[in-house]
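Here's a friendly walk through a structure you may not have met before. Have a look around it, and then we'll go through the pieces together.

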Amino acid sequence: METLQRLTRRQVDALRLVARRDAGGPGVPLNAVAEGLGVTAPSALALLGPLESNGLIARFRGKSRLTSRGRSCLDEYLRHHRVAESLFARAGLPREATHAAALEVDLALSHRTVQEICEAEGHPSVCPHGRPIAPCSSSGGGRRR
Ligand SMILES: [Zn+2]
Ligand SMILES: [Zn+2]
């Protein structure tokens, strides 16, 4: 099973929060993670544990930092999310609805399926909201247009 498929929505929220707040500093304290997610410190800790055991964050003296593995996992997550948004947009959903619809499936999709959707969609370079979609391996490694 791929890493993303093992994560829950709340764990991904915690990972994104650590990525946002980390920014090369000394790391994000537990209470900042808890506050950012609107949960208690023990709940935040329960979310961070699996992220640490999957090597996505490193914890030192109570502070969390994103690892390079965590960074690539987040990049991959954004690819899944935005490719799914593109699919829903082309299926006719209004642009405002594509984000919520993509949240329902982005963690469940395998990389292979995302790749196949990306190909079928003609390798979109941006999501319906104009955010960049990183080129996938089957787009020849470069830009198509
Ligand atoms: Zn592609
Ligand atoms: Zn989007």
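Let's start with some vocabulary: contact means heavy atoms within 4.5 Å. Helices are DSSP runs of H or I with at least four residues, strands are DSSP runs of E with at least two, and both are numbered from the N terminus. Axes are lines fitted to C-alpha atoms, for helices over the stretch in contact, and angles run from 0 to 180 degrees between N-to-C directions. With that in hand, find helix α4 (residues 41-53): it lies across β2 and β3, running at about 115° to β2.

A word on what you're looking at. This is a predicted model, where local features need pLDDT of at least 70 and side-chain atom pairs count only at pLDDT 80 or more, while totals for chains, interfaces and linings use all residues. Residues are numbered from 1 along each chain as its sequence is written, chains are lettered from A and ligands numbered from 1 in the order in which they are written, and side-chain values use heavy atoms, leaving out hydrogens and water.

Now for the sheet that α4 lies across. Two strands pair if DSSP finds at least two bridges between them. Three strands form an open sheet here, in the order β1-β3-β2, with antiparallel pairing. β1 (28-29) and β2 are at the edges with a single partner strand each, so one side of each has no neighbour in the sheet. β1 pairs with β3 over two bridges, and V28 sits opposite S64 in β3. On the other side, four bridges join β2 (residues 57-60) to β3 (residues 63-66), and A58 has R65 as its bridge partner. Between β2 and β3 there are two residues, making a hairpin, and R61 in the turn has a positive phi of about 50°.

Next, follow helix α2 (residues 9-22), which packs against α5 at an angle of about 120°, the axes being 11 Å apart. That makes the two helices oblique (angles under 35 degrees count as roughly parallel, over 145 as roughly antiparallel, 65 to 115 as roughly perpendicular, and the rest as oblique). On the α2 side the contact involves residues including V12, L15 and A19, which meet α5 residues including C73, L74 and Y77.

What does α2 do with helix α3 (residues 30-37)? These two also pack at an angle of about 120°, with axes 10 Å apart. Among the residues that meet are A14, L17 and V18 in α2, and A32, V33 and L37 in α3.

That leaves the metals. Donors are N, O and S atoms within 2.8 Å of the metal (3.2 Å for Na, K and Ca), and water is not among the atoms, so sites may look incomplete. Which residues hold the zinc ion that is ligand 1? Its protein donors are C118 (SG), H123 (ND1) and C136 (SG), at 1.9 to 2.3 Å. C118 is in helix α7 and C136 in the segment after α7, so this pair ties together parts 18 residues apart in sequence. Both cysteines, C118 and C136, are buried (under 20% relative accessible area with a 1.4 Å probe, protein chains only; exposed is over 50%, and partly exposed lies in between).

The zinc ion that is ligand 2 has E85 (OE), C127 (SG) and H129 (ND1) as its protein donors, lying 2.0 to 2.4 Å away. Here E85 in helix α5 (residues 68-90) is linked with C127, in the segment after α7 (111-120), 42 residues apart. E85 and C127 are buried.
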